[in-house]
Amino acid sequence: MGLDARTVMVMFSMLAFMFFCLFELAGLRVGNIRGVRQWAIASLCMSLGFSLAYFYGQTTPGHEWAAVIGLTLFALGTCLQLTGILAFKKQAVSWSILILFIVITICQATWFSVINPDTRMRAIVNSLLFFSVYTVCARVLLVKVEASQKLAYWFTGASFVALALLMLTRAVVLLLSPDAEIGLHVNTSINTLPFVIASLLEFSVAFGLLLMLNHRLIADVYQMASRDALTGVLNRRRIEEEAVRLRARCMRTGETLAIMMIDIDFFKSINDRYGHPVGDKVLCAVADIAQKSIRAEDYFARYGGEEFCMLLTSTNENEALDLAERLRLAFAEFTLTVGKERLNITVSIGVADSSLIGLEFSDLVAAADKALYCAKESGRNRVVTYTEMDVCSTS
Ligand SMILES: Nc1nc2c(ncn2[C@@H]2O[C@H](COP(=O)(O)OP(=O)(O)OP(=O)(O)O)[C@@H](O)[C@H]2O)c(=O)[nH]1
């Protein structure tokens with residue numbers, strides 16, 4: 001191989017420094033996403049570690065300490081990559097294990113570089129130590145991954161798997177190689193090839209971490225754009241999107257889609273009497289109770305003001321009526337304590353399904369809204385279905 005190990009180290013050191021700058025810049029705009037700063041410092045440690053390793057094997061006195069400090073910085077950088085990933089995934093960090101890893105790295109590097117120099121053993125032990133950390137990084141990335149970010153996690157995890165395998169292979173090859181081929185700066189393929197591949201894989205890891213950040217930001221923006229800021233349930237925009245998807249599904253399968261429009265009774269008087277903050281609490285409580293009552297395949301959203309909308313898949317009007325009645329009773333039983341007063345609320349609910357109206361969302365909303373209006377006109381705190389609206393004087 002034409003490349004010499006020192007040149008590869010300089011290249012890797014510069015590359016790692018560029019990643020440090022990149023992560024620092026990326027970290028400026030990530031809000032409350034954690035871990036990016038640690039990836040930046042990890043890249044800086046690796047950059048410095050490789051610059052120091054460059055001096056090992058030179059004739060300058062104390063050059064062997066360059067290997068010890070360089071390796072320690074590289075181990076610190078790898079640990080910071082791991083803690084950054086854990087922080088990014090909001091998982092706890094086991095500091096004692098990481099400190100132990102760094103202490104073992106320092107001890108073995110000092111022993112095999114300064115006290116009892118043995119390049120082969122140092123390289124084998126290092127390879128095995130880094131194999132273990134890379135394996136842990138891969139495991140953290142490949143287990144329990146949010147569906148929306150799978151691709152980025154798998155890409156980064158696969159890069160760590162490749163790094164771990166590289167380290168394991170290196171340890172085995174070093175064990176079997178003749179003495180003449182071993183040495184940090186000996187230009188044999190045992191040295192240069194793993195350094196070149198490791199540099200490329202570290203590049204791939206950095207790319208993967210940035211991809212994870214990118215996917216997380218997109219997921220957060222999508223979450224913000226599809227949720228109601230006050231109650232946290234879906235917003236009108238998102239339920240309209242889901243309705244288009246459900247329409248296509250129901251047309252294909254022939255399922256019936258039911259809709260429920262829920263409106264809090266005399267909500268204005270709650271605001272007027274207790275103030276807007278209490279009104280907000282009522283909205284949150286209503287959203288919470290309704291959200292908990294639906295199945296995973298149903299959708300519940302704040303449609304606007306104090307009106308909520310529920311889409312129930314594979315459900316007809318009668319089945320939706322049963323759920324609506326249970327909900328109405330649950331709301332009537334709910335009490336909010338405001339100072340010394342106990343505040344009770346009631347809701348009116350309009351129900352419709354697609355068998356009479358069709359699957360167009362705007363038509364379903366209009367039908368359920370008519371039924372809701374009828375429920376309000378008939379005295380509130382009641383459920384009215386679209387088909388029984390003839391009981392309503394104003395229908
Ligand atoms: N606290 C709070 N109030 C809101 C919010 N959005 C809308 N409102 C209030 O909701 C009230 C809706 O009042 P109306 O449409 O008259 O309805 P209502 O008083 O519930 O009367 P009925 O629906 O006929 O029983 C208005 O006073 C709005 O200011 C919100 O996010 N927070």
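Helices (H or I, at least four residues) and strands (E, at least two) are DSSP runs, numbered from the N terminus. Residues themselves are numbered from 1 along each chain as its sequence is written. This is a predicted model, in which local features need pLDDT of at least 70 and side-chain atom pairs count only at pLDDT 80 or more, while totals for chains, interfaces and linings use all residues.

**Exercise 1. Find the domains and say how far apart their centres lie.**

Step one: take the bounds, which come from an automatic or database domain assignment. Domain 1 covers 5–225 and domain 2 covers 234–391.

Step two: compare the centres. Taken over C-alpha atoms, they are separated by 53 Å.

**Exercise 2. Work out which helix gives the most to the largest nonpolar core.**

Step one: settle the term. A nonpolar core is a set of buried Ala, Val, Leu, Ile, Met, Phe, Trp, Tyr and Cys residues joined through C-beta atoms within 7 Å. Buried means that 20 or more other C-beta atoms lie within 10 Å of a residue's own, with C-beta atoms placed from the backbone (exposed is 12 or fewer, partly exposed in between).

Step two: look at the members. The largest core has 59 residues, and C45, C79, V133, Y134, C137 and F160 touch the most other members. Elements giving two or more residues to this core include helix 1 (5–27), helix 5 (119–142) and helix 7 (189–226). Helix 3 gives the most, with 14 residues.

Step three: visit one member. Leaving aside neighbours within four places in sequence, V133 is in contact (C-beta atoms, placed from the backbone, within 7 Å) with T78, C79, L82 and F101.

Step four: look elsewhere. Another core, of 49 residues, lies apart from this one, and V286, F361, C374 and Y386 are among its members.

**Exercise 3. Describe the shell around the ligand.**

Step one: count. The ligand is surrounded by 16 residues (C-beta atom, placed from the backbone, within 6 Å of it), and the closest are F267, K268, H276, G279 and G305.

Step two: find the suppliers. Strand 2 (258–264), helix 9 (267–274) and helix 10 (276–293) each supply at least two residues. Helix 10 has the largest share, four residues.

Step three: sort by type. The shell has five nonpolar, four polar and seven charged residues. Here Ala, Val, Leu, Ile, Met, Phe, Trp, Tyr, Cys and Pro count as nonpolar, Asp, Glu, Lys and Arg as charged, and the others, Gly among them, as polar.

Notes:
Two residues are in contact if their C-beta atoms, placed from the backbone, lie within 7 Å.
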